Amino acid sequence: MKYVFSRYSIDYLDFPISTGKESVVFRAVSGKKFIAVKIFKMSTLKFMNIRKYIEGDQRFSKIRIDRNDIIPVWVRKEYTNLMALENAHVPAPKPIGFFKNILVMSYLGTKSGPAPQLKDVDVNEDIYTQVIDGMRRMYASRIVHADLSEYNMLYHRKVYFIDLAQAVDIDHPMAAEFLERDILNVSTFFEKHGIDTNPDRIREYIKKK
Ligand SMILES: Nc1ncnc2c1ncn2[C@@H]1O[C@H](COP(=O)(O)OP(=O)(O)OP(=O)(O)O)[C@@H](O)[C@H]1O
Ligand SMILES: [Mg+2]
């Protein structure tokens with residue numbers, strides 16, 4: 001317990017922001033601040049589905065993973081990825097700590113409610129630029145999100161990237177494939193909202209030195 005709570009203590013869980021298939025995210029209160037607590041559902045996270053995101057990643061390949069002990073590795077992976085984004089100045093929740101199947105991070109939103117997903121935001125050219133800039137910085141810091149879509153970006157005065165457990169190192173054998181999928185999702189979403197974009201242009205921009 002000490003690790004999670006070394007910098008923040010959780011006074012109470014306020015309400016669930018999201019209840020998904022694989023996790024529940026709560027807004028929690030810590031002193032005068034809000035924080036976010038993501039609890040992974042041990043029973044529904046499928047070993048086979050998440051293994052491929054861990055095994056090919058050189059940062060995690062030395063860790064022995066077995067069926068009963070993969071969730072803590074998964075949580076640590078999201079924490080590590082959030083740290084990498086923080087160091088690379090990519091807007092994302094700030095990692096606070098982790099413990100077993102629990103990840104604690106900064107809360108995006110206001111007193112009255114959490115920040116909306118990009119899918120519920122009236123997007124424009126400026127928001128599109130923020131997204132591809134973020135993708136570019138992420139790639140430069142050696143990370144491919146691997147589940148990027150309008151569901152995994154929040155808008156709170158600017159665009160934030162969330163949901164990083166599956167994100168992989170750029171040398172992961174499937175990194176190029178994951179990146180293509182991310183690019184396609186982003187391109188399709190913005191095209192749907194009348195913004196002129198295409199996957200080739202995005203790829204070129206992201207990989208530009
Ligand atoms: N730091 C945060 N601050 C505010 N809201 C958050 C934060 N992190 C996550 N959320 C909200 O919780 C939702 C789910 O979080 P996330 O995408 O990380 O989990 P998930 O793995 O997609 O869960 P599932 O697949 O079970 O739906 C997000 O779409 C967002 O609305
Ligand atoms: Mg998500």
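What follows is a chat about the two domains and the ligand site of a predicted model.

Colleague: Let's start with the layout. Which residue ranges does the domain assignment give, and how far apart are the C-alpha centres?

Modeller: The assignment splits the chain into domain 1, residues 4-106, and domain 2, residues 118-207. On the contact between them, domain 1 puts in 21 residues and domain 2 puts in 25. As for the C-alpha centres of the two domains, the separation is 20 Å.

Colleague: Which three residues of domain 1 supply the most buried area against domain 2?

Modeller: Together the domains bury about 1,800 Å², and carbon and sulfur atoms carry 63% of that. On the domain 1 side, one trio supplies 29% of the area, more than any other three residues. That trio is Tyr53, Leu85 and Pro91.

Colleague: And the polar side of things: how many salt bridges are there between domain 1 and domain 2?

Modeller: Eleven residue pairs are in polar contact across the two domains, counting pairs with both residues at pLDDT 80 or more. For salt bridges, the cut-off is a Lys or Arg side-chain nitrogen within 4 Å of an Asp or Glu carboxyl oxygen. Lys38 and Asp163 pass that test, with N to O at 3.1 Å. Between domain 1 and domain 2 the count is one salt bridge.

Colleague: Where do Lys38 and Asp163 sit in the chain, and how many residues apart are they?

Modeller: Lys38 belongs to strand β3, while Asp163 is in the loop between β8 (159-161) and β9 (168-169). The salt bridge of Lys38 with Asp163 thus links distant parts of the chain. Their separation in sequence is 125 residues.

Colleague: Back to the domain 1 face. Which element gives the most residues to the side that touches domain 2?

Modeller: Three elements give two or more residues there: β3 (33-40), α1 (47-55) and α2 (71-87). By residue type, that side divides into eleven nonpolar, four polar and six charged. The top contributor gives seven residues, and that is α2.

Colleague: Now ligand 1. Which residues are closest to it?

Modeller: Ligand 1 has 20 residues around it. Lys38 and Asp163, the salt-bridge pair, are both on the list of the closest. In full, that list is Glu22, Lys38, Ser106, Gln117 and Asp163.

Colleague: Which residue has a polar backbone atom 2.9 Å from a nitrogen atom of ligand 1?

Modeller: Let's go through the polar contacts of ligand 1. One ligand oxygen is 2.7 Å from a backbone N or O atom of Glu22, and an oxygen is also 3.1 Å from a side-chain N or O atom of Asn152. The contact through a ligand nitrogen, at 2.9 Å, goes to the backbone of Leu108.

Technical notes. Residues numbered from 1 in each chain as written. Chains lettered and ligands numbered in written order. Predicted model: local features only at pLDDT ≥ 70, side-chain atom pairs only at ≥ 80, totals over all residues. Heavy atoms only, no water. Domains from an automatic or database assignment. Contact = heavy atoms within 4.5 Å. Buried area = accessible area lost by both parts, 1.4 Å probe. Polar contact = N/O pair within 3.5 Å; in protein donor to acceptor, adjacent residues only side chain to side chain. Helix = DSSP H or I, 4+ residues; strand = E, 2+ residues; numbered from the N terminus. Nonpolar A, V, L, I, M, F, W, Y, C, P; charged D, E, K, R; others polar. Near = heavy atom within 4 Å.
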